[in-house]
Amino acid sequence: MHIPDGFLNLPVSGGCALLSAGGLALAIARLKKRFADRLIPVMGVLAAFIFAAQMFNFPVAGGTSGHLMGGVLAAVVVGPMAATLILTVVLIVQCLVFQDGGLIVLGANVFNMAILGTWVGWAIFASIARLGRSTAWRHVGVFFGAWISVVVAATACAGELALSGTVPLRVALPAMAGVHAVIGIGEGIITWLVVAFIGKVKPEMLT
Amino acid sequence: MNRRSIVIALAICLAVVALASAFASAFPDGLEWVAEQTGFIESASEAPVIASPLPDYSLPFIASPFWSGLSAGAIGVAIVFGFFWIFRLLFRGRASSTTGQE
């Protein structure tokens, strides 16, 4: 759901950019202590994988398509703050090099996907995993956290579209949340598969 | 992550890019679809604020969509991973100058 330029007005774009700057500052501050030499290559690999996976649009019923967002995938491996930085780097490269997502609305895309969706999805994952205390529940948490991260990001996007006067909320919200509730199932399945794969071949990465 | 696992992981990324170049769905994504259905798709800007070198994940001078997409994707993977790699080198330099280790 990379928003192109033109969908959001300047005040909403600016407000989102400010929110994103705050979120990024928080993520960097929280990470500073943990910016171990070991973490950065893993972040690079995750960013490369998420970039690659975001090229892979899968068809969804009704003539639309979706691709992995990857926020919860990254958060499960390296934590939500590092995940925010990973997705932000991916979004900046997509915007500047590949014209995917607008430059003026970059702050909105970062806020929706790298910050809000990722943090809420991770919180849901962590709560379910902590509640269940078993591998099976962890899998449930990964799937559901990934699913909700997409729905939350789409809901925020609908709100920004409505605040910008592009489309009324009563139209945007059910449409965006509805189609992304379906795309989110793909997010849940891919995230679950990749986390399970990492758990098989490199379990020490998931501690 | 040791060097060997990084190389394997990046090879997996390139495989995903290749699969995407061959099989990715051309249907509009969720937001585009909503924009078409509810009629605000035309509010998207015609021209980008700044011109991107590789718009739509393609190299303009390669005719084959598969190779064009694969090359553009490989460049993207390299840029994204390279960002963190350079950051790591900078971080290492700073860490070694403050602690005298490494």
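In the predicted model, Tyr57(B) counts as buried, at a relative accessibility of 15%. The residue sits in the loop that joins α2 and α3 of chain B. Its backbone is marked by a positive phi, near 55°, in a residue other than glycine. Tyr57(B) is also one of the residues that lie nearest the centre of the largest pocket.

That pocket has a volume of about 1,200 Å³. Its lining comprises 43 residues, and those nearest the centre are Gln99(A), Asp100(A), Glu32(B), Asp56(B) and Tyr57(B). Both chains contribute helices to the lining: α4 (80–98) of chain A, and α1 (3–23), α2 (30–38) and α3 (65–99) of chain B, each supply at least two residues. Helix α1(B) gives the largest share, with 4 residues. By class, the pocket lining divides into 22 nonpolar, 15 polar and 6 charged residues.

A second residue with positive phi occurs in chain A. Arg133(A), which is not a glycine, has a phi of about 55°. Arg133(A) is placed in the loop between α5 (106–132) and α6 (135–163) of chain A. With a relative accessibility of 73%, Arg133(A) counts as exposed, whereas Tyr57(B), at 15%, counts as buried. The exposed class begins over 50% and the buried class ends under 20%, so the two residues fall on opposite sides of the partly exposed range.

Enclosed space was examined next. Over the whole structure, 1 cavity of 30 Å³ or more is found. The largest cavity holds about 90 Å³ of space. It is lined by 13 residues, and Met1(A), Gly66(A), His67(A), His180(A) and Ile183(A) lie nearest its centre. Two elements of chain A, β2 (64–66) and α7, each give two or more residues to this lining. The largest share, 3 residues, comes from α7(A). The cavity lining consists of 6 nonpolar, 5 polar and 2 charged residues.

Helix α7 of chain A, which spans residues 169–201, also contains Glu187(A). Glu187(A) is buried, its relative accessible area being 0%. Leaving aside residues up to four places away in sequence, Glu187(A) touches Phe58(A), His67(A), Leu68(A), Met69(A), Gly70(A), Gly71(A), Ala146(A), Ser149(A) and Val150(A). Among these partners, His67(A) is also one of the residues nearest the centre of the largest cavity. Glu187(A) and Ile148(A) are separated by 39 residues in sequence, and their C-alpha atoms lie 9.2 Å apart in space.

Cysteine pairing was searched over all chains, and 0 disulfides were found. Cys16(A) is accordingly in no disulfide, the nearest cysteine sulfur being that of Cys157(A), 9.4 Å away. A disulfide requires two cysteine sulfur atoms within 2.5 Å, and the 9.4 Å separation from Cys157(A) does not meet this limit. Cys16(A) counts as buried, with a relative accessibility of 5%. In chain B, Cys13(B) likewise counts as buried, at 0% relative accessibility.

Definitions and conventions: Residues numbered from 1 in each chain as written. Chains lettered and ligands numbered in written order. Predicted model: local features only at pLDDT ≥ 70, side-chain atom pairs only at ≥ 80, totals over all residues. Heavy atoms only, no water. Buried < 20%, exposed > 50% of the residue type's maximum accessible area, 1.4 Å probe, protein only. 1 Å grid on protein atoms, 1.4 Å probe; cavity = no way out; pocket = protein on both sides within 12 Å on 5 of 7 lines; lining within 4 Å. Points joined across faces, edges and corners; volume = space filled by probe spheres on them. Nonpolar A, V, L, I, M, F, W, Y, C, P; charged D, E, K, R; others polar. Contact = heavy atoms within 4.5 Å.
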